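Here is a short tour of a protein model with several chains. Keep the structure open as you read.

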Amino acid sequence: MIDEIRFTLNNSEVAITCDPLKRLLDVLREDFGLFGTKEACGEGECGACSVLMNGRLITTCMVPVGAVKGKEIMTIEGLRETERGKTIIEAFADGGAVQCGFCIPGMVVAAESLLSRNAKPTEDEIRLGIAGNLCRCTGYDLIVESIKLASERGEGLW
Amino acid sequence: MQQTSIGRSTRRVDAIAKASGHTQYIADYTFDGMIYAKMVRSTVPRGKILDISIPVLPSGYSFISAKDIPEGGKNQLHMIKTDYTCFADGEVRFIGETIGLVVGPDRGVLQDLVDQVKVTYEEGEYAVTIEDGLACKGGAFVGEDNCFCDFTINKGDVDEIFAGSDRVFEEEINTGWQEHVHLETNGAIAMPEGDKFVIHVSAQCPFYVRKSIASLINRPYEDIIVRQSVTGGAFGGKEHFPDVLAGPLLVAAYVTGKPVQLIFDRHEDSAYSVKRHPSRTRFRTAVDKDGNITAMDVDVVYNAGGYESCSYVVLQRGVFHATGVYNIPNSRVRGRAVATNTFPSDAFRGFGAPQTLFAVETHLAHIATQLGIDPFELKKRHFLKKGDVTVTNGHIYETVVLPEMAQQVLDESGYLEKAKTYAPGSLRGVGISFYNHGGAFTGNGEQMIIKARVRLRKNSDDTVDILIGSTEMGQGFQTALTKIVADELGIGLERVRYPQPDTSVVSDSGPTVASRSTMIVGAIAQRSAARLREQWVEGKELVVEEEYTHPEGFPWDQSTFQGDAYIGYGWGACVIEVEVDPLTTEVNTKGIWSSHDVGLAIDELIVHGQINGGIAQSLGYAAMEKLDFSAKTGFKQTGLSDYIIPTSMDFPSQVCTLVDNPYEFGPHGAKGMGELVFNGASAAYIDAVSRAIGKEIRSIPVPPEILMEMM
Amino acid sequence: MVETSYIPQTLEEALRIRKETGAKPLAGGTDLMVMHRRGTGVVPSFPWPVMIISSLEELKYIRREGDDIVIGSGTTCHAIEDDPSVPYAVRTAASLMGAESLRNLATIGGNVCNASPKADLPVPLIMMDAKVTLVSATGSRTLLLDEFITGPKETDLKDDELLLEVRIPLPEKDYSHVWYRKIGTRKANAISKLSLSAAVTLDADGFIKDFRSANGASGPKVARSTEVEKILEGKNVTEIPSVLEQFLDAYDAILSPHAMPTYRRLSTRRMLAHFLTEVASGTQNMIVT
């Protein structure tokens with residue numbers, strides 16, 4: 001079936017006419033050119049394709065675009081324009097969180113999801129908050145530190 | 001003059017673009033008229049291809065295989081050895097071997113077509129394990145003994161010592177496959193450009209790719225232009241393996257005249273890519289009545305899989321690290337790489353050293369326990385020091401600061417107290433390991449084989465471009481080298497650019513492997529920058545190029561493997577503490593302490609990140625990353641839901657220390673470190689778990705179900 | 001083009017589509033989208049028509065009805081783990097399912113209807129005698145979840161039915177002690193290697209009024225035996241040590257793990273022994289760890 005699906009993408013109303021079973025990941029990357037959302041596993045295990053749906057963290061490789069009808073989607077491209085997003089990105093850069101970088105946009109989205117629920121997370125809470133985002137380069141320590149740094153620098157933002 | 005950035009932590013030059021999602025990786029590239037490729041692969045471990053039946057192809061779709069290699073072209077991929085075929089032709093040696101590509105505009109149609117290709121085989125009996133390979137199960141397919149290589153190195157007289165020794169300890173240690181799991185899967189795009197071809201590829205070694213594939217279409221290297229895309233992790237998995245994509249794609253671009261893209265999905269990247277060599281290391285170790293090791297006889301076998309590619313070189317490094325960081329007066333090490341019908345094993349962070357280092361550390365821990373002394377006591381007695389003779393009868397030229405490093409991790413971890421307090425089998429344990437990694441290519445490889453060159457171009461706006469083939473793959477080299485060059489020139493980092501390598505533009509600084517980039521390429525770049533500074537004229541364009549010079553006085557004979565295998569080593573010490581759950585035997589890691597000698601850190605934060613990541617990968621190797629053969633799918637675990645790598649919850653945050661021990665020939669005293677940091681944590685972890693359960697562990701990985709069966 | 005997917009806006013519409021086309025529901029997508037994926041840029045291919053029901057707000061609720069906690073089939077694991085009215089073992093199982101991003105999508109209906117032997121939620125649900133209510137355009141029926149799941153990846157869902165809700169009967173009196181533990185392939189974001197839920201209700205004199213336990217990932221479906229549970233019922237906690245081995249042996253006999261049999265059997269045995277030994281020791285903790 002071909003259907004027109006309307007949703008909010010990075011604060012803009014958008015519509016796409018396509019098979020509702022098409023993966024949201026493919027729609028974001030190929031139809032909207034939002035390449036910051038990465039594919040690394042295609043089975044919801046790694047978090048590289050994370051975005052926010054109505055403010056909640058989801059992996060877009062498991063979501064048919066038909067399921068986002070009427071929803072609000074925020075990708076890294078939207079998040080990086082916000083004060084919160086900028087704060088996290090800067091903290092990641094300063095804290096040494098970025099190596100190969102492939103998992104990082106998804107990690108930034110996961111950090112936003114965490115901080116929006118818990119502005120001052122402990123180390124354990126941060127580790128739990130990013131447990132669905134696999135990284136093979138960093139061993140996570142500097143990502144955890146960088147999220148702590150974002151939380152400190154972004155006092156009042158969340 | 002501005003303050004130097006060397007040593008201090010700097011914001012990485014690539015960090016913001018990557019974190020904000022601006023950076024384009026290979027899967028984000030599109031070109032006009034680009035078509036897609038999907039691989040048709042072998043589905044049996046060993047057999048003769050009797051027939052390949054292709055469905056009727058719609059217009060715009062083609063099947064590319066060995067038949068499409070033009071006259072004069074060779075169906076081979078040059079990966080140190082040239083035995084790896086580009087397209088299986090006649091026989092297949094493992095599941096997942098490339099038979100052909102189906103190419104065309106729609107990926108859904110391509111998937112349907114691939115599903116309809118029928119290959120008929122005459123199947124043969126196949127070998128999976130090292131034992132299968134050595135027994136020539138199904139008949140040898142390499143030489144007469146299935147060994148790609150077999151060599152022995154001697155130091156002193158082992159046989160004499162064994163004849164008169166007080167005690168001999170014999171043991172066999174095994175390690176399994178490991179998958180790289182770079183988060184970005186393998187991917188490449190081949191396309192014509194003028195009368196040449198361009199390969200855009202996620203890879204460590206653009207010049208390797210060019211060299212590997214040019215002969216497929218019988219062209220000189222220069223006709224193949226390789227442009228490295230930003231590479232989302234590699235760990236050795238993108239050293240030679242990108243050739244397996246680039247080769248067939250080049251033929252496809254040659255035939256179709258179009259840009260052809262191939263991006264592996266995770267299932268393909270897991271099931272059908274190279275792995276770390278499984279290993280079997282057997283020791284006979286003689287100990288005198290004072291508890292000193294007097295001789296070691298070591299037999300190392302690596303499972304190389306279906307093709308040799310770089311296994312001989314991997315094995316050499318394994319053999320040269322087989323007696324660890326210890327001065328063993330007499331040693332004999334035999335190494336063999338055996339052919340089996342599994343996906344070829346290839347480079348993986350550590351390049352053969354992690355297997356033997358794990359083995360020797362584990363073996364020494366067991367000897368110590370049987371002697372009734374702490375493993376640390378036994379190990380420190382034999383620490384290598386400056387002037388000592390190495391396993392290849394070369395020398396240690398640098399000051400070895402292992403005693404200080406040991407003290408650091410002992411103090412931080414409380415090792416000695418804990419080792420006494422936690423009784424064997426008490427479900428609490430602490431373990432310790434020491435390790436090293438020889439920097440750069442083995443022996444005189446830098447001088448004889450690589451001959452690295454570095455080119456710097458000063459532009460008229462007084463900015464400087466670093467034009468070399470060395471690559472950033474996450475390890476931080478782009479930033480480290482920018483710092484070295486900017487520092488030498490006395491200009492700000494923002495005035496130095498280090499673009500993605502393009503083989504038609506940059507000089508060949510050698511492959512980005514072997515922990516050689518900072519140590520070797522960094523030193524040449526520093527020298528180049530010094531020369532550029534001397535010639536500096538504002539507003540004028542200048543180019544300088546320098547090449548590698550080998551320090552005098554480090555003899556090496558590549559035919560006998562005698563002499564100085566490495567000039568400088570990185571060194572490491574690691575302590576791990578664990579608790580084993582009494583109900584489920586799940587292991588909880590309670591502490592990770594490490595100390596590393598990397599000469600001098602060009603950037604402390606980058607080194608810190610490498611240590612964290614290397615240790616996490618090494619712990620995954622020991623604890624959870626189980627990869628089994630499957631006669632149906634090649635490997636049983638083919639995705640991230642069943643091949644288990646660590647999450648943020650699996651290991652606690654690490655305590656890392658660095659010692660300053662500047663290396664004479666490195667830039668600012670820096671040595672290699674990317675692989676070193678992988679080489680030792682697995683042994684410390686297994687030592688800790690062994691003590692916690694009160695049983696000797698001789699094989700990794702050890703998920704809880706295996707521990708429970710041991711207990 | 002053949003109609004292969006639908007996005008109903010109401011339950012009524014969904015039931016009509018279900019009846020007319022046999023379209024199968026797709027809720028969070030976390031199992032089905034992965035199972036039927038065909039790679040990057042290719043629409044997943046389902047061998048049957050599909051209806052995306054994730055936007056049916058009518059199916060998203062957690063409420064108390066009499067002595068039952070009723071959870072609408074479209075409720076996500078995240079909503080379940082966040083709701084204190086949901087019994088501990090169910091809440092905990094929901095909280096340990098995959099990663100947060102998965103729990104924000106995955107629904108109780110999907111987890112139950114997918115009927116994977118490794119599924120997390122059915123374990124505490126079956127332990128608690130949860131029932132499922134199935135609706136069709138023509139009516140509804142309610143049956144035990146343990147009966148609804150008939151085998152690995154098999155349920156009794158009829159071609160015109162949808163799962164409406166899961167109904168958890170609350171015990172008359174709160175369990176005295178309860179256990180839930182999942183052994184994953186790693187410490188987070190993991191598939192179950194084994195899970196065990198158990199609960200006991202004691203009277204004032206320490207007699208076991210009710211005992212129940214269920215295992216996941218240890219056989220083709222959730223393992224539970226009320227016969228075996230009877231071994232403990234009526235016994236005083238002081239008698240636990242004397243019947244423990246008999247009970248553990250009987251419980252072991254209901255497990256039929258396909259892989260890792262030693263690990264799954266022995267871990268189950270140890271966890272149950274630990275739980276019961278804690279109970280016998282007179283622990284005051286309701287949640288035993």
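## Two loop residues and a cis bond

Ala514(B) sits in the loop between strand E21 (496–497) and helix H15 (517–535) of chain B. Helices (H or I, at least four residues) and strands (E, at least two) are DSSP runs, numbered from the N terminus. This is a predicted model: local features need pLDDT of at least 70, side-chain atom pairs count only at pLDDT 80 or more, and totals for chains, interfaces and linings use all residues. Residues are numbered from 1 along each chain as its sequence is written, while chains are lettered from A and ligands numbered from 1 in the order in which they are written.

Phi of Ala514(B) is near 60 degrees, a positive value in a residue other than glycine. Is Ala514(B) buried or exposed? Ala514(B) is buried, because 28 other C-beta atoms lie within 10 Å. The rule is simple: a residue is buried if 20 or more other C-beta atoms lie within 10 Å of its own, exposed if 12 or fewer, and partly exposed in between, with C-beta atoms placed from the backbone.

Lys451(B) lies in the loop between helix H13 (445–450) and strand E19 (453–458) of chain B. Its phi is near 50 degrees, a positive value in a residue other than glycine. Lys451(B) has 14 other C-beta atoms within 10 Å, so it is partly exposed.

Now go to Pro701(B). Its place is the loop between strand E30 (699–700) and helix H18 (704–710) of chain B. The peptide bond from Ile700(B) to Pro701(B) is cis, with omega near 5 degrees.

## Chains B and C

| Chain | Helices and strands | C-alpha span along principal axes |
|---|---|---|
| Chain B | 18 helices and 30 strands | about 75 × 70 × 50 Å |
| Chain C | 11 helices and 13 strands | about 70 × 40 × 30 Å |

The radius of gyration is taken over C-alpha atoms, and the globule rule is 2.2 Å times the number of residues to the power 0.38. Chain B has a radius of gyration of 25 Å, close to the 27 Å that the rule gives for 711 residues, so it is as compact as a globular protein of that length. For chain C the radius of gyration is 20 Å, close to the 19 Å given for 289 residues, so it too is as compact as a globular protein of that length.

Of the 711 residues of chain B, 64% count as buried. In chain C, buried residues make up 52% of the 289 residues.

## Where chains meet

Two residues are in contact if their C-beta atoms, placed from the backbone, lie within 7 Å. How many residues of chain C are in contact with chain B? The count is 21 residues of chain C, against 19 residues of chain B. Helix H11 (residues 261–280) of chain C gives the most to its side, with 7 residues.

The contact of chain B with chain A takes 46 residues from chain B and 42 residues from chain A. Helix H16 of chain B gives the most to the chain B side, with 8 residues. By class, that side has 14 nonpolar, 24 polar and 8 charged residues. Here Ala, Val, Leu, Ile, Met, Phe, Trp, Tyr, Cys and Pro count as nonpolar, Asp, Glu, Lys and Arg as charged, and the others, Gly among them, as polar.
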